[in-house]
Amino acid sequence: MRRAGMGDVLSGILGALLAKGYSGETALVLGVHLHGCAADALAAGGLGPVGLTAGELIDPARRIWNSWLAH
């Protein structure tokens with residue numbers, strides 16, 4: 001998670017959650033958890049942790065978020 005752009009992805013997630021109306025504290029907790037879960041999902045699938053790029057987090061983050069919303 002110490003790669004160029006990882007903070008940008010996290011900031012985008014947080015901004016999106018704030019824009020959806022979540023409080024700052026809730027957006028922070030959800031966003032950081034989602035960001036980490038997306039990285040964990042990639043690592044579990046064999047991508048990373050070494051060499052993981054920021055752009056690779058976007059699709060798993062979307063899948064995880066939609067999964068959370070469905071439950």
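Which residues of H1 are buried? In this predicted model, the buried residues of H1 are Met6, Val9, Ile13, Leu14 and Leu17. They sit on the same side of H1, because the arc they cover around the axis is only 135 degrees. The face of H1 turned away from that buried side carries the exposed residues Asp8 and Ala19. As for partners, the buried residues of H1 pack against H2 and H3.

**Along H2**

Let us move on to the next helix. The buried residues of H2 are Ala27, Gly31, Leu34, His35, Ala38, Ala39 and Leu42. Here the arc around the axis is only 130 degrees, so these residues too lie on the same side of H2. On the other side of H2 we find Glu25, Val29, Asp40 and Ala44, which are exposed. H1 and H3 are included in what covers the buried residues of H2.

The table sets the two helices side by side.

| Helix | Residues in helix | End-to-end C-alpha distance | Expected at 1.5 Å a residue |
|---|---|---|---|
| H1 | 14 residues | 20 Å | 20 Å |
| H2 | 21 residues | 30 Å | 30 Å |

For H1, the reach is close to the expected value, and for H2 the span agrees with it. A glycine with positive phi turns up after each helix: Gly21 just after H1, at about 100 degrees, and Gly46 just after H2, at about 100 degrees.

**The nonpolar core**

Now to the inside. The largest nonpolar core has 15 residues, and those with the most contacts inside it are Leu34, Leu52 and Leu57. Helix H1 (6–19), helix H2 (24–44) and helix H3 (58–70) are the elements that give two or more residues to this core. H2 provides the largest share of the core, five residues.

Leu57 is a good place to look around. Leaving aside residues up to four places away in sequence, Leu57 touches Met1, Met6, Val9, His35, Ala38, Ala39, Leu42 and Leu52. Among these contacts, Met6 and Val9 are buried residues of H1, while His35, Ala38, Ala39 and Leu42 are buried residues of H2.

**The largest pocket**

Finally, there is some open space to explore. The largest pocket holds about 170 Å³ of space. Its lining consists of Ile13, Ala16, Leu17, Lys20, Leu34, Ile58, Ala61, Arg62, Trp65 and Asn66. H1 and H3 each supply at least two residues of this lining, and the largest share, five residues, comes from H3. Leu34 is worth a second look: this residue lines the largest pocket and is also among those with the most contacts inside the largest nonpolar core.

Technical notes
Residues are numbered from 1 along each chain as its sequence is written. This is a predicted model: local features need pLDDT of at least 70, side-chain atom pairs count only at pLDDT 80 or more; totals for chains, interfaces and linings use all residues. Side-chain values use heavy atoms; hydrogens and water are left out. A nonpolar core is a set of buried Ala, Val, Leu, Ile, Met, Phe, Trp, Tyr and Cys residues joined through side-chain atoms within 4.5 Å. Buried means under 20% relative accessible area, exposed over 50%, partly exposed in between (1.4 Å probe, protein chains only). Helices (H or I, at least four residues) and strands (E, at least two) are DSSP runs, numbered from the N terminus. Contact means heavy atoms within 4.5 Å. The expected span of a helix is 1.5 Å times one less than its number of residues. The arc is that of the directions from the helix axis to the C-beta atoms. On a 1 Å grid over the protein atoms alone, a cavity is a set of points where a 1.4 Å probe fits but cannot get out, and a pocket is an open set with protein on both sides within 12 Å along at least five of seven lines; lining residues have an atom within 4 Å of a point. Grid points are joined across faces, edges and corners, and a volume is the space filled by probe spheres set on the points.
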